[in-house]
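Let's take a walk through this one. Have the sequence and the 3D view open while you read.

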2 protein chains.
Amino acid sequence: MGRGSQRVVPSLQWPRPSARQLPVNRVELGDFTPDLAVYLGQAAYLQLALSESLGRAAGSAPSVHAKAVTGRVAGAALDRHRGLIAEIERTGNPATESMEPHVAAIDEFRRRTAGATWYESMLAHYVCAGLLDDVFVRLAAGLPTDNRDRIVRVLEAGDDAATVAEVLSSSIESDPRLASRLALWGRRLVGDTLLVARAAISASHESADDERLEPVFTELIAAHTRRMDALGLTA
Amino acid sequence: MGRGSQRVVPSLQWPRPSARQLPVNRVELGDFTPDLAVYLGQAAYLQLALSESLGRAAGSAPSVHAKAVTGRVAGAALDRHRGLIAEIERTGNPATESMEPHVAAIDEFRRRTAGATWYESMLAHYVCAGLLDDVFVRLAAGLPTDNRDRIVRVLEAGDDAATVAEVLSSSIESDPRLASRLALWGRRLVGDTLLVARAAISASHESADDERLEPVFTELIAAHTRRMDALGLTA
């Protein structure tokens, strides 16, 4: 256990509770929500990019089981992508144009977080998707009610995080060298991911001053620490 | 048009009719249906392998629109994979063990049909999935009724074939060199795909003599020709 001071926030549990209720005392980011079109374009392209990384990772899966898990997780990312695209189409905007402005930054993020092995790629998905889905759920607080409800449902659907945690933690248990490599890799990942989170928050018109955002980042990092703990890794 | 003699079989239309009724006079392969476990393991791993190829292809997509199409099509393959896995789990068998025996042959098929460009990979998916989904729907005729109905629904869901045809044919229209390259590639693909179709049919206990199978292969090739025609390519 340890790191007790970061565990007092009861709102962010991992794996997510099956009832999928929005935690009541999660620090929301409604003041920093960008325009619906910006929000959706960014979120939709992010899920597409996550699925693309998983598609590449499938090629180096160490077993059929690992490959099937990768497929299941990629399918969940693509479900979110499709759900967000449906939401874009509901607004009447062309999906491609909504995603275009976010391609360069997210592609660069994807390159930096691709991972050299299947294990690294799966950890990357677990860490990056875990943190960024959380950010987008919080940012959704400032969206029109009906959009928000549908979007949060899309983002919180699927049990892929628990699936990844299960397959990674059993691999880590049986190989201590993997544990130390992945702990290092996790530290690198969280830095890159927080930069993307920061960019998503700064896409609003509201100036995103650090003081107001500090409690949010504290929660995001605490949730990340719990995710790494669930794998038996030090964050 | 042309190739009129291969067009008399009214049962196989492409793109599939939206009502998704099973064509009444399609030559079925019920006599050659393998055991349910063999059928499902093979079909499930095939969809996983198809999605993996698409995941790789996404990396060389020439535009955001192309990448989004790739994601949509990969999502449809993963939907089928997950539907078939659910069906395996319903039988009480472990999904991984059911897929294992089919990995080597399907991975080799995937390598041979990977394609050097995004266009080649998308054509590969269109040709291979089009033909093999058709084979598996026909083979399903010999499965127990309730399994069969669910499996056929899984295999026939999605509008991804029409989506691929649309994006490829508009690319081909605007680049004649692409047309000749892809026509050649299509010929190579259909050979490899028919070998996999043959192996799927030969997995039954029934001896798959060529005379009984000839009308089926005639229909499969006619459907392939129509698929290539829909892209403006000579089969």
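What follows goes from the annotated domain to the chain pairing, then to one helix contact and one salt bridge.

## The annotated domain

Keep in mind that this is a predicted model. The UniProt record, an unreviewed entry, lists "domain: Ferritin-like" for residues 39–198 of chain A. Over that stretch the chain comes out as 83% helix and 0% strand. Its end C-alpha atoms sit 13 Å apart.

## How the two chains relate

Two copies of a chain are related by a rotation about an axis and a shift along it. Here, a turn of 180 degrees with a shift of 0.0 Å along the axis lays chain A on chain B, and the RMSD is 0.0 Å. That is the relation of a two-fold axis.

Which residue of chain A comes closest to the rotation axis? That's Gly55(A), with its C-alpha at 2.0 Å. As for the interface, 100% of the interface residues of chain A are interface residues in chain B too, so the copies meet through the same surface.

## Helix α1 against helix α6

Within chain A, helix α1 (residues 36–58) packs on helix α6 (residues 145–156) at an angle of about 10 degrees, and their axes are 13 Å apart. Because angles under 35 degrees count as roughly parallel, α1(A) is roughly parallel to α6(A).

On the α1(A) side, the contact uses Leu36(A), Tyr39(A), Leu40(A) and Gln47(A); they meet Asn147(A), Ile151(A) and Leu155(A) in α6(A). Sorted by type, the contact residues are 5 nonpolar, 2 polar and no charged.

## A salt bridge inside α4

Side chains of opposite charge can pair when their charged atoms come close. Searching the whole structure turns up 38 salt bridges over all chains.

One pairs Arg110(A) with Asp107(A), whose closest N and O atoms are 3.6 Å apart. Both residues belong to helix α4 (residues 103–112) of chain A, where they lie 3 residues apart, about one turn of the helix.

Methods:
Residues are numbered from 1 along each chain as its sequence is written. Chains are lettered from A and ligands numbered from 1 in the order in which they are written. This is a predicted model: local features need pLDDT of at least 70, side-chain atom pairs count only at pLDDT 80 or more; totals for chains, interfaces and linings use all residues. Side-chain values use heavy atoms; hydrogens and water are left out. UniProt positions are given in the numbering used here, feature names are shortened, and annotations may be inferred rather than shown by experiment. Helices (H or I, at least four residues) and strands (E, at least two) are DSSP runs, numbered from the N terminus. Copies are superposed by least squares on the C-alpha atoms of residues with pLDDT of at least 70 in both. Contact means heavy atoms within 4.5 Å. Axes are lines fitted to C-alpha atoms, for helices over the stretch in contact, and angles run from 0 to 180 degrees between N-to-C directions. Angles under 35 degrees count as roughly parallel, over 145 as roughly antiparallel, 65 to 115 as roughly perpendicular and the rest as oblique. Ala, Val, Leu, Ile, Met, Phe, Trp, Tyr, Cys and Pro count as nonpolar, Asp, Glu, Lys and Arg as charged, and the others, Gly among them, as polar. A salt bridge is a side-chain nitrogen of Lys or Arg within 4 Å of a carboxyl oxygen of Asp or Glu.
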